[in-house]
Amino acid sequence: MEVHLHPHLTRMWAPVGQQPEIPCPGKNQKKIVYGAVNYRTGKLTYTLSQSKCGAEFILFLTTLLAGYMGKRFVVVCDNGRFHTTKAVKTFLQQHRDKITIFWLPPYCPSLNLIERLWGHVKRTFLANVLYRSLADLVKAFQHGVRHLNRKQSHVAFLYTDMQRTHCIARLSRQLAA
């Protein structure tokens, strides 16, 4: 996911006949967010970076390894170019006893349940605000994630029980294979 200094616009309340105006900075800046949500607990783990590249994705995977030390886990990935670099493939091969990748079909972001969470974060914590700096935007994003992680049960509304059960079952079958 990307968070941009240009405001994320969404619908909002305004008196009839009064169009809300959201100012925009002259130059856009952004941060890249690599993230994973634990489908069972709702806990969100993320890293922030300057770019989408294999090295940054490996740093994110290293964060997951540290957070789930001693446990085997599955990461759901689309086929982004940075997911399939030689360095990433080598890293995944070296950690195949801990990390399994569940590859989604290309151009199907709707199949990745974390996309719903990113949309919720943008609509709820980042929308319709011009932040003074990229650092302020990052603070707002981090506040939103802390809020969601404190109330992990609230993340569950993004995934129906049937969707969670289906995803966990599919991932379990893949691990067993």
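Reader: Is threonine 47 buried or exposed?
Author: This is a predicted model, and in it threonine 47 sits in strand E3, residues 44-49. Its relative accessibility comes out at 15%. Buried means under 20%, so threonine 47 counts as buried.

Reader: Which residues is threonine 47 in contact with, leaving aside its neighbours within four places in sequence?
Author: Threonine 47 belongs to E3, and E3 pairs with E2. The contacts of threonine 47 include Phe60, a residue of helix H1. The full set is Ile32, Val33, Tyr34, Phe60 and Thr63.

Reader: OK, and in what sense do E2 and E3 pair, and over how many bridges?
Author: Take a couple of the partners: glycine 35 is bridged to tyrosine 46 in E3, while alanine 36 has threonine 45 as its bridge partner. So the numbering goes up on one strand as it goes down on the other. The pairing is antiparallel, over six bridges.

Reader: Which residue in the hairpin of E2 and E3 takes a positive phi?
Author: The hairpin has six residues between the strands. One of its residues has a phi near 85°. That residue is glycine 42.

Reader: What about the other neighbour: how many bridges join strand E1 to E2?
Author: E1 covers residues 2-4 and runs antiparallel to E2. Glutamate 2, for one, stands opposite isoleucine 32 in E2. The number of bridges is three.

Reader: How many of the eight residues of E2 are buried?
Author: E2 pairs with E3 and is joined to E1 as well. The buried residues of H1 also pack against E2. E2 is largely enclosed by the rest of the structure, because its buried residues number six of the eight.

Reader: Let's move to H1. What span does helix H1 reach from its first C-alpha to its last?
Author: H1 takes in residues 54-67, which is 14 residues. At 1.5 Å a residue, the expected figure is 20 Å. The model is close to that, at 20 Å.

Reader: Within what arc do the buried residues of H1 fall?
Author: The buried set is Gly54, Phe57, Ile58, Phe60, Leu61, Leu64 and Leu65. Seen down the axis, they line one face of the helix. In general, an α-helix has 3.6 residues a turn, so residues three or four places apart point the same way. For the buried residues of H1, the arc is 160°.

Reader: And which exposed residues are on the face of H1 turned away from its buried side?
Author: The buried side packs against E2, E3, strand E4 (73-77), helix H2 (86-94) and strand E5 (99-103). The face turned away from that side is another matter, since exposed residues are found there. They are Ala55 and Gly67.

Reader: Phe60 keeps turning up. What separates the C-alpha atoms of phenylalanine 60 and valine 33?
Author: Phenylalanine 60 is buried, because its relative accessibility is 2%. Leaving aside neighbours within four places in sequence, its contacts are Tyr34, Gly35, Ala36, Thr45, Tyr46 and Thr47. Valine 33 is 27 residues away along the chain, and the C-alpha separation is 9.4 Å.

Reader: Which residues have the most contacts inside the largest nonpolar core?
Author: This core has 21 residues. Strand E2 (30-37), helix H3 (114-126) and helix H4 (134-150) each supply at least two of them. Apart from it lies another core of 19 residues, among them Ile58, Phe60, Val88 and Leu92. In the largest core, the residues with the most contacts are Val3, Leu44, Trp118, Leu126 and Phe141.

Reader: What does leucine 126 touch, not counting residues up to four places away in sequence?
Author: Leucine 126 is one of the residues with the most contacts inside the largest core. Its partners include Val3 and Phe141, which are also on that list. In full, they are Val3, His8, Val121, Tyr131, Leu137, Ala140 and Phe141.

Reader: Last one: how many disulfides does the structure hold?
Author: Cysteine 77 is buried, with a relative accessible area of 2%. Cysteine 53 counts as partly exposed, at 26% relative accessibility. A disulfide would need a pair of cysteine sulfur atoms within 2.5 Å, and the number in this structure is zero.

Terms used:
Residues numbered from 1 in each chain as written. Predicted model: local features only at pLDDT ≥ 70, side-chain atom pairs only at ≥ 80, totals over all residues. Heavy atoms only, no water. Buried < 20%, exposed > 50% of the residue type's maximum accessible area, 1.4 Å probe, protein only. Core = buried A, V, L, I, M, F, W, Y, C linked by side-chain atoms within 4.5 Å. Helix = DSSP H or I, 4+ residues; strand = E, 2+ residues; numbered from the N terminus. Contact = heavy atoms within 4.5 Å. Expected span 1.5 Å × (residues − 1). Arc of directions from axis to C-beta. Pairing = 2+ DSSP bridges.
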